[in-house]
Amino acid sequence: MNPVKPGETPRTPWIVGVSGASGTPYAAAVLRALLAAGESVDLVVSRASRLTLLDETGLSFRDAHWQDDLREWLSRGADGKPGTFEVDLAGVRHWSAGDLAAGPSSGSYRTKGMLIVPASTACVAGVALGLSKDLLQRAASVTLKERRTLVVSVRETPLNGQTLRHLVALDDLGASVVPASPGFYAGATHIQDLVDFVAGRVLDAAGVEHDLYRRWNGELGNGT
C-alpha cells in the first residue's frame with residue numbers, strides 16, 4: 001500500500017484514461033498493477049476504446065455493467081485467455097466518458113495524476129490543444145492545469161509531423177510521453193512480457209512501484 005502524502009485523502013486516485021488506439025492489453029496491465037500496488041483508480045473508458053476493446057478481445061464495456069465487464073477484461077491475459085489473472089475491483093471507480101460533471105472534470109477533485117494508455121493520435125491532439133470533447137480529454141486538461149502527473153502512452157506508427165508536434169507540446173506542458181514500444185532486453189518469452197514492459201514503463205513515469213519487468217542491471221546476457 002502506497003503511503004498517503006500531505007494533501008491527499010485515503011482515496012486519492014490515479015485517473016486511468018483508455019482511448020481508442022489499439023492496445024487494450026496495455027491498459028489492462030496498468031490497471032492490474034495499480035490495484036496490486038494498493039492504488040485507487042478512477043477509470044474513464046472512451047466511446048472509441050469500447051469499439052477497440054470489442055475488436056481486440058470480443059468483450060463489451062457497458063456503463064450499466066462496468067464492474068462485470070471490467071473484471072472479465074482484467075482477468076484475461078494478453079493472449080486473450082480467460083481466468084489468467086485474479087482482480088479485486090474494490091479500489092476502482094468508473095466514470096462515464098460523457099459525464100462532464102464527473103469528479104475528475106474539476107481541479108478541486110484530488111487525484112495523484114492521470115495515465116492515458118493507450119493514447120490515440122486523436123486523443124493526443126485533443127489534449128495538446130486543450131480540448132474537452134469528453135471526460136477523458138477534460139480530465140487530462142485538468143491534470144495539466146493543476147500541475148499533476150500526466151503520462152501519455154501513445155500507440156501509433158508511423159507518426160506524422162502533426163502528431164509529433166502535439167507530443168512535443170505535451171512534453172513542454174510537463175507531461176511524460178511514453179510510447180508503447182516494448183523492450184526485449186528483459187528476456188521476454190511471451191506476449192504478456194512485452195505488454196508488461198510497456199505497462200511498467202508507464203508506471204515508472206508515474207512513480208508507482210511494480211514488478212512487471214526485469215530491470216537492466218548493467219550486465220549483458222541476463223535477458224536470455
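## A look around a predicted model

Leucine 220 sits in the segment that follows helix α7 (191-206); helices here are DSSP runs of H or I with at least four residues, strands are E runs of at least two, and both are numbered from the N terminus. Before going on, note that this is a predicted model, where local features need pLDDT of at least 70, side-chain atom pairs count only at pLDDT 80 or more, and totals for chains, interfaces and linings use all residues. Residues are numbered from 1 along each chain as its sequence is written, and side-chain values use heavy atoms, leaving out hydrogens and water.

**On the surface**

Is leucine 220 buried or exposed? Leucine 220 is exposed, with a relative accessible area of 78%. (Buried means under 20% relative accessible area, exposed means over 50%, and partly exposed is in between, using a 1.4 Å probe and protein chains only.) Leu220 joins Tyr185 and Trp216 in a nonpolar patch on the surface, and together they have about 400 Å² of accessible area. To be in a patch, a residue needs over 30% relative accessible area and no salt bridge; nonpolar side chains (Val, Leu, Ile, Met, Phe, Trp, Tyr) are joined within 5 Å, and like charges within 9 Å. The areas themselves come from the Shrake-Rupley method with a 1.4 Å probe, and for residues only the protein chains shown count as cover.

**Going inside**

Now look at helix α3 (residues 66-74), whose buried residues are Trp66, Asp69, Leu70, Trp73 and Leu74. They cover an arc of only 125° around the axis, so they are on the same side of α3; that arc is taken from the directions from the helix axis to the C-beta atoms. What lies over them? The cover on the buried residues of α3 includes β1 (14-18), α1 (24-36), β2 (41-45), α2 (47-57) and β3 (92-96).

Two of those α3 residues, Leu70 and Trp73, turn up again in the largest nonpolar core, which has 38 residues; Leu70, Trp73, Leu34, Leu43 and Leu115 are those with the most contacts inside it. A nonpolar core is a set of buried Ala, Val, Leu, Ile, Met, Phe, Trp, Tyr and Cys residues joined through side-chain atoms within 4.5 Å. At least two residues of this core come from each of β1, α1, β2, α3, β4 (113-119) and α7. Helix α1 gives the most to this core, with nine residues. There is also a second, separate core of 24 residues, including Ala119, Leu136, Ala139 and Leu167.

Pick out leucine 115 for a closer look: not counting residues up to four places away in sequence, leucine 115 touches Trp14, Ile15, Val16, Gly17, Val30, Leu34, Val151, Val202, Leu203 and Ala206. Contact means heavy atoms within 4.5 Å.

**Charged pairs**

Side chains of opposite charge can pair when their charged atoms come close. A salt bridge is a side-chain nitrogen of Lys or Arg within 4 Å of a carboxyl oxygen of Asp or Glu, and by this rule the count comes to nine salt bridges. Here are some of them:

| Pair | N to O distance |
|---|---|
| Glutamate 39 and lysine 112 | 2.8 Å |
| Aspartate 63 and arginine 50 | 2.9 Å |
| Lysine 145 and glutamate 146 | 2.7 Å |

Glutamate 39 lies in the loop between α1 and β2, and lysine 112 in the loop between β3 and β4, so this pair ties together parts that are 73 residues apart in sequence. Glutamate 39 is buried at 4% relative accessible area, and lysine 112 counts as buried at 19%. In the next pair, aspartate 63 is partly exposed at 33%, whereas arginine 50 is buried at 16%. Lysine 145, at 44%, counts as partly exposed.

Salt bridges that share partners also join Arg201, Asp204 and Arg215 into one network. Arginine 201 is in helix α7 and, leaving aside its neighbours within four places in sequence, is in contact with Val178 and Tyr213.

**Backbone oddities**

Most residues other than glycine have a negative phi, and most peptide bonds are trans. Where are the cis bonds here? One runs from valine 117 to proline 118, with omega near -10°, and proline 118 is in strand β4. Another joins threonine 157 and proline 158, with omega about -10°. Arginine 147 is not a glycine, yet has a positive phi of about 60°. Arginine 147 is found in the loop between α5 (135-145) and β5, and is exposed at 70% relative accessible area.
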